[in-house]
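Subject: Structure handover

Hi there,

Here is the structure I promised to send over. Please have it open while you read my notes.

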Amino acid sequence: MLLYNIRMAAKSLRRNPYLTALLFAAIALGICISTTFTTLRHAFAKDPLPGHSSRLLYVRMDNWDPAQPYPGDDPKSLPPQISYRDMQELMKSKIPARQTGSFSSRLFITPDPKVAKPYQENVRLVFSDFFPMFEVPFQYGGGWDRRADAKPEPVAVIDDATNKKLFGGVNSVGKTVRIDDRDFKVAGVIAPWRPTVRYFDPNGNFVAPPEAIFLPFTFTPLMKIRTGGNSDGWRSYTINSFEEFLNAADIDWIQFWVEVPKERQHAYREFIDNYVREQKKHGRFERPLNNRVTNLMETMGDFKIVQPQMSAMAAVSILFLTVCSLNLVGLLLGKFLARAPEVSVRRALGASRWQIFLQHIVECEVVGVIGGAAGMILSIGVLAFLSRVLPGNIPVHLDGQMVFAAVFLSLVAGFVAGVYPAWRICTLPPAMQLKLQ
C-alpha cells in the first residue's frame, strides 16, 4: 500500500512541476536554515569523548580572598584553575587511574637553518597521562611514559603541521627538535586533530586549535617556563625568582584533570575536601569549604561552552522551518481540493477516508523528504563555508546524529504542512462532487 501511495504521489507531483518546485524549495530552505544552526550548536554541545567523559574530572578549589569571592555572577564562583603547589600535592593521590596538570606557553623553536627560520610556537606542558586521558590520535609513535615524567627525559610530541614543517611529513620519531635552549627527541607525531572545542582547556579561547608541541610538565621548573594563558591571584606577592613564582600558594594557572572510575569518584571528592581542610590548619583556603570536581560535560557547562545566543539561534531556526511548513498549507489545500472529483470517484468505488488521508499525507511526506535532502545538501555547503570564515577555522559538519535529526525534521515539516489539507480533502462529501459531474 505504501509503494502504491508513493507512486500516486510521484504522478501528482509531476502534474504541476512549477508548484512542486515551489513546495520543494520552501522545505529545502527551512531544513537548510534549521540544520545549519542546530548543527552549530550541536558541535559545541556534544560529548567530545563519548563513553569516557564521565570518568574525566576537572578540579577547582576556592583559595580566593576571604573578604570577597572570585569575580563572577555567582557568589560561589571559583578560580578556574589551581596553583602549582596544590597540583603537586594532589598528584600524590593514588585514587585516580590517571592525572595531569596542564598549561600552555609560547617557546622558541630553532629548526635546521636549511628548513626554516627560528619561530615561536604554542607549547603545552603535560604529564604522560594526558594523551590516553583525552584520546589524542597518533600518526607515528605515541606519548612518553611516566618514567620520562619523573626524570624528566627530553622528549616531545609534535602535531602533524609541525612534522611537515620541520621534517617534511615523514616519520620523525627519534629525530631532534630544539626548543628554547634544549634538544628534545620526538616521541610521537599527532595525526591531524582539530576538535571543535579545546575540551582539555576550557579557559580563555576554548575554540582555538590544540597546541603544536607537547612537553613533559616536569621541565617547567628546569626551563623556567611561565604560562602564556590565564593566571589569577589575589594576594600581593613580591616575586624575585621563578622558584618563588612556583611556590606562590595562591596564584592559579594550572588546569588539573584526573581520570577516576565512577565507583571511586565520591572517595576522590572526599580526598579533595580533606586536603583543603588540612590546608586550612596552615592558614590557607580561608573561605568556606567550596570545592568543585566536575566531569567533562559538567565542566563544559560551567564554562558556558554553549553560549545562550547559540541556543537561541537554533530555536529561531526551528521556528523558521515551522513558518515555512505553515506557508505551504494553503498551496497544498488548493492543490488537493482541485482534484476533489477524482477523490469522490475513489470514495464511491469503496476507498475509505483513512486511505484517502494516507494517500495525501504520503504525498506531503515525499515533498518533505525530497525538500529535506536538498536542504541538507545546501546545509553542507553553508557549514563548509562557515568552517572557513569562523575564527580558528572551527570544523563544523553534519554527523550521523544531525543527519537523523534533519530527516526527522523533514518528515515533521511535511506532516505539519499536509495534515490539514489531507484531512480536509478526505472529509468532503463525495455525493456533491458526483452530482456535479
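Below are notes on the surface and on the enclosed spaces.

This is a predicted model, where local features need pLDDT of at least 70 and side-chain atom pairs count only at pLDDT 80 or more, while totals for chains, interfaces and linings use all residues. Residues are numbered from 1 along each chain as its sequence is written, and side-chain values use heavy atoms, with hydrogens and water left out.

On the surface, Leu326, Phe404, Phe408, Val412, Phe415 and Val416 make a nonpolar patch of about 570 Å² (patch residues have over 30% relative accessible area, by Shrake-Rupley with a 1.4 Å probe, and no salt bridge, with nonpolar side chains joined within 5 Å; a salt bridge is a Lys or Arg side-chain nitrogen within 4 Å of an Asp or Glu carboxyl oxygen). Helix H14, residues 400-426, gives the most to this patch, with five residues (helices are DSSP runs, H or I, of at least four residues). Phe408 is found in helix H14.

Inside, there are two cavities of 30 Å³ or more (sets of points on a 1 Å grid where a 1.4 Å probe fits but cannot get out; lining residues have an atom within 4 Å of a point). The largest cavity has a volume of about 40 Å³, and its lining includes His42, Lys46, His397 and Asp399. By class, that lining has three nonpolar, four polar and two charged residues. The second largest cavity holds about 30 Å³, with Trp64, Trp234, Arg235 and Glu286 among its lining residues.

Best wishes

Note on methods: Patch = residues over 30% accessible without salt bridge, like charges linked within 9 Å, V, L, I, M, F, W, Y side chains within 5 Å. Helix = DSSP H or I, 4+ residues; strand = E, 2+ residues; numbered from the N terminus. 1 Å grid on protein atoms, 1.4 Å probe; cavity = no way out; pocket = protein on both sides within 12 Å on 5 of 7 lines; lining within 4 Å. Points joined across faces, edges and corners; volume = space filled by probe spheres on them. Nonpolar A, V, L, I, M, F, W, Y, C, P; charged D, E, K, R; others polar.
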